Amino acid sequence: IRSWEIITEIGKTIENNWKLLAQHHNLDIQIQGLKPLINFKINSDNWLSYKTYISQEFLKENILASNSIYTCIDHTEIILEKYLNKLDKVFSTIAECENGRDIKSILNTPIAHDTFRRLN
């Protein structure tokens with residue numbers, strides 16, 4: 001098997017799980033990008049706060065993660081399972097926020113900027 005086939009399959013697995021988690025938590029998710037370089041966005045006015053929250057919660061677990069992923073051949077099933085279990089908990093909290101919980105009350109950092117707008 002070639003490395004690009006492996007990373008493409010990993011990306012497909014992640015994409016399918018993102019869809020399942022979003023559906024389970026009733027989140028409106030948009031996924032885009034090539035399979036090994038995919039990303040998602042939750043369609044909400046609070047998106048940038050949610051993106052910040054995702055990074056914040058993963059960093060607490062010593063995992064550098066956000067709404068995008070660059071897959072590699074070292075992303076084993078064990079690593080993906082840990083990532084997806086954590087994302088499930090994060091999506092659960094985001095779903096609570098979509099239903100009235102104040103996302104800003106659980107952020108420990110300033111809200112992320114939208115792309116390169118901060119530079120303009």
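"Exposed" here means over 50% relative accessible area, "buried" means under 20%, and "partly exposed" covers what lies in between (1.4 Å probe, protein chains only). The views come from a predicted model, in which local features need pLDDT of at least 70, side-chain atom pairs count only at pLDDT 80 or more, and totals for chains, interfaces and linings use all residues. Residues are numbered from 1 along each chain as its sequence is written, and side-chain values use heavy atoms, with hydrogens and water left out.

**View A. Asn26 and Asn62 are two loop residues with a positive phi.** Start with Asn62, in the loop between H2 and H3. Helices (H or I, at least four residues) and strands (E, at least two) are DSSP runs, numbered from the N terminus. Phi of Asn62 is near 60°, a positive value, and Asn62 is not a glycine. Most residues other than glycine have a negative phi. Is Asn62 buried or exposed? At 75% relative accessibility, Asn62 counts as exposed. Now go to the loop between H1 and strand E1 (29-32), where Asn26 has its place. Asn26 isn't a glycine, yet its phi is positive, at about 55°. With a relative accessibility of 71%, Asn26 is exposed.

**View B. Helix H1 holds a salt bridge between Lys12 and Glu9.** A salt bridge puts a side-chain nitrogen of Lys or Arg within 4 Å of a carboxyl oxygen of Asp or Glu. Searching the whole structure turns up seven of them. For Lys12 and Glu9, the N to O distance is 3.3 Å. How far apart do these two sit in helix H1? They are three residues apart in H1 (residues 3-24), so about one helical turn separates them. Residues three or four places apart point the same way because an α-helix has 3.6 residues a turn. Lys12 is partly exposed at 35% relative accessibility, and so is Glu9 at 44%.

**View C. Further pairing in H1 involves Lys19 and Glu15.** Their side chains form a salt bridge with 3.7 Å from N to O. Lys19 and Glu15 are four residues apart in the helix, about one helical turn. Lys19 is partly exposed, with 43% relative accessibility, whereas Glu15 is buried, with a relative accessible area of 11%.

**View D. A salt bridge joins Lys86 of helix H3 to Glu61 in a loop.** The two side chains meet at 3.6 Å, N to O. Lys86 lies in H3 (residues 77-98) and Glu61 in the loop between H2 (47-59) and H3, so the pair ties together parts that are 25 residues apart in sequence. Lys86 is buried, at 15% relative accessibility, while Glu61 is partly exposed, at 37%. Elsewhere, Glu15, Lys19 and Lys35 are joined into one network by salt bridges that share partners.

**View E. Helix H2 packs against a strand and another helix.** What do the buried residues of H2 pack against? They pack against strand E2 (39-42) and H3, where contact means heavy atoms within 4.5 Å. Among those buried residues are Trp47, Tyr50, Tyr53, Ile54 and Phe58. H2 has 13 residues, and at 1.5 Å a residue (times one less than the number of residues) it should span 18 Å. The end C-alpha atoms of H2 are indeed 18 Å apart, which agrees.

**View F. Aromatic rings pair up in four places.** Rings of Phe, Tyr and Trp (its six-membered ring) pair if their centres lie within 6.5 Å; planes under 30 degrees apart count as stacked, over 60 as edge-to-face and the rest as tilted. The rings of Phe40 and Trp47 have centres 6.1 Å apart and planes at 65°, so this pair is edge-to-face. Both of these residues are buried. Phe58 and Tyr83, by contrast, are stacked, at 5.3 Å centre to centre with 25° between the planes. That pair links distant parts of the chain, with Phe58 in helix H2 and Tyr83 in helix H3, 25 residues apart. Phe58 is buried, at 0% relative accessible area, and Tyr83 is buried too, at 6%. Ring pairs also link Trp18, Phe40, Trp47 and Phe91 into a cluster.

**View G. Cys72 and Cys97 show two levels of exposure.** Cys72 is partly exposed, with a relative accessible area of 31%. Cys97 is buried, at 6%. How many disulfides does a search of the whole structure find? It finds zero, counting a disulfide as a pair of cysteine sulfur atoms within 2.5 Å.
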